[in-house]
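Me: Could you take a close look at one helix for me, its surface and its neighbour? I'd also like a word on the charged contacts.

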Amino acid sequence: MSVTTYAPTRAAAAARTKPKGSLRRLVWTEAKVWMRSTDPFWALLFPTVLIVGQTLVAPALREVATGDTWAGTPFYGVAVVNIILPAMLAMAIATTALTILPATFGAFREKGVLRRFSATPMRPQSLFLAHFIINTVMSFVGALIAVVVTSALFPIAMPVNIAMVVLGFALGMAAMMSLGSLLAAWVPRAAIASTVGMLVFFPLLLTAGVFTVVEPGTVLYEIARVTPLGAASQVMSYGWFGGDVFPWVQIIAMVAWTAVLTPLAVKLFRWK
């Protein structure tokens, strides 16, 4: 995954403008750079490519759930692929937070961009916030594309509580971007950022149910519900299919991860 960078004079100039417009200009500048890299594919198209690819590799995912096995479940009458949709949306969050964000800051630091920013009024909070806005918007669009394409190809159930699905996605995005920001705060190079990000990425995918369905009542489920990505997947699953127990633990866990990791990332941030 490549990262494009640039001379920081434009963003530095944005930081010196009036406070009211500085963040807007910074977001716009960083977004244009972001769009010139390969990041749009990973954020916007990769979730869709992965879901469609899985249905091609595993034909059972394309089948409609019928018969006694599925009777009385929220999946009856819809494609089996619907079961893994919340996990795939969680993976879209993780891809942005753990592969794109740290690599971007690692490249900035490696090329001396952040060192030049340090001589301007730019604050770490502003830079993190700009990239949080960009990556959150793009991840949401990517998730929406995945849902629309999947719904067009297969019979998919409508969410029982769409607000809960959006809440799970938003809180999961905040928690995971906080974790990604913590990595971005110190990684010296893009290659190291990608390596460390992947070491965190795959275990969290397991908690989200990407590799296997995480059944309630299991040890993995209990662990997953207090992890940032597992909690996001479970809240989105609750919003999509309903459930017996309201996911208070998962919601509190995501808020706690965000509240702890965000100020820690700012405190540990290195300009070079």
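Reply: Here is a walk along helix α6, followed by the charged contacts. Bear in mind that this is a predicted model.

Let's start with Val-141, which sits in helix α6, the run covering residues 124-153. Is Val-141 buried or exposed, or something in between? Its relative accessible area is 33%, and because the partly exposed class spans the range between under 20% (buried) and over 50% (exposed), Val-141 is partly exposed. That value also clears the patch cut-off, since patch residues need over 30%. Val-141 does indeed belong to a nonpolar patch on the surface, along with Leu-129, Ile-133, Val-137, Phe-140, Leu-144 and Val-148. Together, the patch residues offer about 550 Å² of accessible area.

Now for the neighbour. Helix α3, residues 39-57, has an axis that comes within 7 Å of the α6 axis, and the two cross at roughly 30 degrees. Angles under 35 degrees count as roughly parallel, so α3 runs roughly parallel to α6. As for handedness, the crossing of α3 past α6 is right-handed.

On to the charged contacts. How many salt bridges does a search of the whole structure find? Just one. The partners are Arg-225 and Glu-222, whose side chains meet at 3.1 Å, N to O; the cut-off for such a pair is 4 Å. Arg-225 has 25% relative accessibility and counts as partly exposed. Glu-222, at 36%, is partly exposed as well.

Key:
Residues numbered from 1 in each chain as written. Predicted model: local features only at pLDDT ≥ 70, side-chain atom pairs only at ≥ 80, totals over all residues. Heavy atoms only, no water. Patch = residues over 30% accessible without salt bridge, like charges linked within 9 Å, V, L, I, M, F, W, Y side chains within 5 Å. Areas by Shrake-Rupley, 256 points an atom, 1.4 Å probe, with all protein chains shown as cover. Helix = DSSP H or I, 4+ residues; strand = E, 2+ residues; numbered from the N terminus. Buried < 20%, exposed > 50% of the residue type's maximum accessible area, 1.4 Å probe, protein only. Axes fitted to C-alpha atoms, helices over the stretch in contact; angles between N-to-C directions. Parallel < 35°, antiparallel > 145°, perpendicular 65-115°, else oblique. Left-handed = near helix turned anticlockwise from the far one by under 90°.
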